[in-house]
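I opened a fresh page for this one and wanted to see how the protein surrounds its ligand. Here is what I looked up, in the order I noted it.

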Amino acid sequence: MVISIMSLPIDKIKVLHIASEMHPIVKKGGLGDVVGSLPKALRELGIDSRVFLPMYPSIDENVKRTFKRMPYKLYLPLEWRVFPAFLWKTDVQGVPVYLLEIEGVPFPADVYPSNLNLNTIKPFFLFSLAALELEKSARWHPQIFHLHDWPTSQVAIALKWHMYYSSFSKSYDTVLTIHNLAHQGIIQETDLMPWGISKEAFSIDGLEYYGMINLLKGGIIASDAITTVSPRYSWEIQTKEYGMGLDGVLKKYNSKLRGILNGIDYSYWNPMTDPFLPAHYDIDNISPKKECRKALLARCGWGEDHLPVLIYIGRLVEQKGIDLLLYSIESIVGHGCRLIVVGEGNEVYEQSLKEASAQFPANVFVKIGYDEELAHLMYAGGDMLIMPSYFEPCGLIQLIAMRYGTVPICRAVGGLADTVIDADTAHDGTGFLFSHYSSEALLHAIGRALGAWNSPELWNQIVRNCMSADFSWSRSSREYAKLYLELLGVSDFRSF
Ligand code: ADP
């Protein structure tokens, strides 16, 4: 979309974030955090940003009570029939949020379908068409659709290749943010013609991927701009090692690709006000962190002592380097450390971690599951965070840990390399990095961290460096605003 005036006031920009998760309504991981905080940060800049979400049956009843059903029905065409749908509206900390309920087509109870096929992605396809119909019910016309990952990349696909909706393409610009290239939305089909997507879309320059359909690939090609959640990840994914089979496509379209680092919501992740913590602290008075540590140890059934407390929070999947962690547990215990893990995912990892806690009950505590409260206590009560990821698009966990004065030990990939400064190489260091994907390299970094831990003055400085690093949205939200202005044809952002 090109706007003829040269200086579009920022408060005229209207952006609809179309996403599968938004904290606190529904969250499975970092995507939920980002959609829960970026639209709010954009509104603080004056941009009218709103969110569009599926109405999952699993949304908490108390949360649902805040939704109001909008009177006008939407009608979504698919195959030989039209699906009526309702729009619900609510407000999350000042951000207007629309939710879609489709008659007779429920969204998956667990947010993402476990098997992807035409039937299981159908709700998300209808959801994408609903975004194009939304203004009829919402009486609000966004200029920009900001899409997040494969479930909503279908909006850009419909604008480019749908027999009817492609006629809407002049009315909207699209930004697709790739939160994790590992999830591409691949289905074993050779065309989507019954859904209104033209035959030409199933080609090498479209949705076709080794004889199947790849929704993220289609979104990459069809969107006006693509972003990844850290600068380093934006070039890593153009390599064979991290490109997950899409490196060639990303390289071809890299003129519209850029990396914008995620932020975290500093009002939610704040050790001074966090309601889950037994004591509150900030950089001017860090000592109450000790109370949180004591409460965390008690929660694990341990008494207080001075052993370093290492924490791991997150999904238990290959991407996160759980293999390295498992291989290192015996040495971690041998170094006299405590290890606390909260996470869920691959059953093999879950089982191995449970076995490790049974083997070392005095040093290893494992909670399998998603536990927001325990995670907050761990961020505050831990001394060091372990994040040995094989790849990491941005990673929020290390940002939250730093905010809470817990020192990250990370593999130097993606957003981890962009956000953590090695304390052995710089006086403003915030953590310990390692490159080689091996448990030896992880243990070496842990060894360096323990060396610093044994020197209280140095350790306090690293903790202070962590707590004074700024990963709020203030800078990154401006980067997105600049991108929106560019898409709208405004090139002069000096006043911005
Ligand atoms: P991901 O790759 O899973 O999106 P991120 O680092 O981007 O990883 O963000 C993960 C988010 O989910 C953080 O807010 C983290 O605190 C939270 N989280 C992950 N696993 C758990 C868990 N088991 N219990 C509580 N919170 C969790």
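**Ligand shell**

I sorted the shell around the ligand by class first, and I got eight nonpolar, six polar and six charged residues. I kept in mind that this is a predicted model.

Next I asked which residues come nearest to the ligand. Of the 20 residues around the ligand, I noted Gly30, Asp33, Arg315, Tyr379 and Leu396 as the nearest.

**Polar contacts**

I then went through the short N and O distances. For glycine 30, I found a backbone N or O atom 2.6 Å from an oxygen atom of the ligand. For aspartate 33, the partner is a side-chain N or O atom, 2.7 Å from a ligand oxygen. Arginine 315 also uses a side-chain N or O atom, and I read 2.7 Å to an oxygen atom of the ligand. I looked up the area too: the ligand taken alone exposes 560 Å², and the protein buries 93% of that.

**Where the ligand sits**

I checked the pockets and found the ligand in the largest pocket. Which elements each supply at least two residues of its shell? I listed helix H1 (30-44), strand S15 (338-343), helix H11 (372-381) and helix H12 (397-403). H11 gives the most, with three residues.

**Annotated span**

Last, I looked at the record. UniProt has an unreviewed entry that places the feature "domain: Starch synthase catalytic" at residues 14-252. I computed 29 Å between the end C-alpha atoms of residues 14-252, and I noted 31% helix and 26% strand for this span.

Key: Residues numbered from 1 in each chain as written. Predicted model: local features only at pLDDT ≥ 70, side-chain atom pairs only at ≥ 80, totals over all residues. Heavy atoms only, no water. Near = heavy atom within 4 Å. Polar contact = N/O pair within 3.5 Å; in protein donor to acceptor, adjacent residues only side chain to side chain. Areas by Shrake-Rupley, 256 points an atom, 1.4 Å probe, with all protein chains shown as cover. 1 Å grid on protein atoms, 1.4 Å probe; cavity = no way out; pocket = protein on both sides within 12 Å on 5 of 7 lines; lining within 4 Å. Sits in = over half its atoms within 2 Å of the grid points. Helix = DSSP H or I, 4+ residues; strand = E, 2+ residues; numbered from the N terminus. Nonpolar A, V, L, I, M, F, W, Y, C, P; charged D, E, K, R; others polar. UniProt positions renumbered as here; feature names shortened; annotations may be inferred.
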